[in-house]
Every structure is written in structure tokens, then in C-alpha cells.
Amino acid sequence: MAQRPYIVGNWKMHGTRAMLSEARAIDRAAQRHMKVEVAIAPPYTLIHPIHREAEQIVVGAQDCHHEAEGAHTGDISAAMLADAGAKFVILGHSERRQAHGEKDALIRAKADAALAAGLRVILCCGESEETREVGKAVAFVKRQLKASLPEAGEELGDASERLTVAYEPIWAIGTGKSATAADIAAMHGEIRALLVELYGDVQGNEIRILYGGSVKPENAAEVFATPEVGGALVGGASLTADSFMVIALAAAETEDS
Ligand code: PGA
């Protein structure tokens, strides 16, 4: 059975407690659109306050450390996130790969740590503009994904439940320049083939592949109508309930059609 569309807001480094009212509005709206799984990954400081109040939305984090505990000043472990109410963690976002030098092997270790702590994982991948221009986008993304996915051990359990992939071309993030439907369909098709190869027919076909990169109310319907798109990872447009829920509604309507 196909899973519900998954619409995840990545708040990045935005939001103080003043944003709790926005989270409440998103939660209320999500209760009217149960065909869609709506989630927010706020900054660490808002995970617990949002989790405590939320009735419908799921709360997650934007990163975690790869070890369970230790002398790592300023870092947060997956178990701490789970303790605060997080149910998932976004890993391998290009902003972390670029600004923090995170490599595939580290992201894989983080994914394993997150699964061991009972969190679900949204694993991000995506090519730069230069890589796309020289025609190497597919090869790059497949290699990056293969090297960053968790070690499908026992911790993984049902991969389609625990794992989500997010394709986010770097040149489309925060630029207002979304990938075309044809580009998204082609890349998601390649990612699907890789997931089937790694996790088998049943689970490999059920793992949701999100698209991310300038998803907005104006282009959401087109994105969700694209083959192999199982939802969206939304940055800027997730910061207000108004724009975020228009996107969630577009996903619900695609389900109905
Ligand atoms: P954007 O960000 O929607 O602002 O382009 C997406 C993301 O980085 O997850």
C-alpha cells in the first residue's frame, strides 16, 4: 500500500518561541488534512515545546551527532533528540555537507546512530549546478546516496517505515529556481531503481522520495503530480502556516485526483 505524502518543513536556523503560534496553526490545519503526513524540523530549542503541544504534526531535528554520548561540546545525540520528542532527523543536508564539511561516511554513521535511537531518517542528496551542467548529476547523486545510506542492518527494520530520501539539487535550494518536473521525474526514477536494488522490491518501492528546493504554493501541485514524488522537504515556504499548508493541501489534492 502506498504511503501518505510526507510534507516536511525544514525551519533551518529560523524561529524562537515567538514561532510557536505558527507551529500551532500548522498543527490545527494538519488535523483537517489527515491524508498527508505533516512534519516540522525546527531548531533544537523548539523541538520539545512544539512536541508538547502538537496533536497531529510530527516533530524532528535537522542533524545529530554520530555517537550516543561523550565529550562533544555543543553537539546533540540522537537519543537526546528522541528524549525531547523528536521522531525523525534530517541528515546529509547540503548546507551541512558544505558549511560543516560533512562527508558521506559521517552521514552514514549519523544515520545508523539515529536509527539505533529509534528515530526515522530523512537522508538528503543532491548535485551542484556545475555537476548538472557537465551531465553528471545522476551518477553523482547515486554515488552520494549509496555511500550515505545507513548500513541496512537489523536496526533499520522496515526500511520503508524508517527511511525517507530527499532529493534536493543544491542550485534549487533557497534560490526560487525549482528543478523542472522532467528533471525531478528522471532523478527520482534513478533513486527508485537504486532503492529497489538495495532494499528489494517491496520496501524499495515503498520508501518515500521527497523533492526539495524552492517548493512553494505556486509550484507545489506540479511537483506532487510528478512521478515518484512522495512529498516535499520545504525550507522558506514552511515558515508560515499559510504558505506551508497550501503546499500540504496540494499534496492532499493530488491524492484525491
Ligand atoms: P527551500 O529549502 O525550500 O528554501 O529551497 C529547502 C531545503 O533546503 O530543505
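Helices, in runs of at least four residues, and strands, in runs of at least two, are DSSP assignments numbered from the N terminus. On this numbering, H65 is placed in the loop between β3 and α3. The structure described here is a predicted model.

The surroundings of H65 were examined in some detail. Residues count as buried under 20% relative accessible area, and H65 is therefore classed as buried, with a relative accessibility of 11%. A polar atom of the H65 side chain lies 2.9 Å from the backbone nitrogen of E67. When residues up to four places away in sequence are not counted, H65 touches H72, D75, I76, S77, K110 and A113.

The strand and the helix that flank this loop also take part in covering helix α2. This helix spans residues 44-53, and its buried residues are L46, I47, P49 and I50. The cover over these buried residues includes β3 (58-61) and α3 (78-84), together with α1 (20-30). In an α-helix there are 3.6 residues a turn, so residues three or four places apart point the same way.

Nonpolar side chains tend to be buried together in soluble globular proteins. In the present model, the largest nonpolar core comprises 69 residues, and I191 and F224 have the most contacts inside it. Helix α11 (residues 241-256) supplies the largest share of this core, namely 8 residues. Apart from its neighbours within four places in sequence, I191 is in contact with C125, V141, L145, V165, Y167 and I209. A second core, separate from the largest one, contains 12 residues, among them V58, C124, L210 and L233.

The ligand is surrounded by 13 residues, of which K12, H93, E168, G174 and S214 are the closest. Classified by residue type, this shell consists of 7 polar, 4 nonpolar and 2 charged residues. Both backbone and side-chain atoms of the protein approach oxygen atoms of the ligand. A backbone N or O atom of G174 lies 2.6 Å from a ligand oxygen atom, and for a backbone N or O atom of G235 the corresponding distance is 2.8 Å. From the side chain of N10, a polar atom lies 3.5 Å from an oxygen atom of the ligand. On its own, the ligand has 280 Å² of accessible area, and the protein covers 95% of this area.

Conventions:
Residues are numbered from 1 along each chain as its sequence is written. This is a predicted model: local features need pLDDT of at least 70, side-chain atom pairs count only at pLDDT 80 or more; totals for chains, interfaces and linings use all residues. Side-chain values use heavy atoms; hydrogens and water are left out. Buried means under 20% relative accessible area, exposed over 50%, partly exposed in between (1.4 Å probe, protein chains only). Contact means heavy atoms within 4.5 Å. A residue is near a molecule or strand if one of its heavy atoms lies within 4 Å of it. A polar contact is a pair of N or O atoms within 3.5 Å; within protein, one must be able to donate a hydrogen and the other to accept it, and residues adjacent in sequence count only if both atoms are side-chain atoms. Accessible areas come from the Shrake-Rupley method with a 1.4 Å probe; for residues, only the protein chains shown count as cover. Ala, Val, Leu, Ile, Met, Phe, Trp, Tyr, Cys and Pro count as nonpolar, Asp, Glu, Lys and Arg as charged, and the others, Gly among them, as polar. A nonpolar core is a set of buried Ala, Val, Leu, Ile, Met, Phe, Trp, Tyr and Cys residues joined through side-chain atoms within 4.5 Å.
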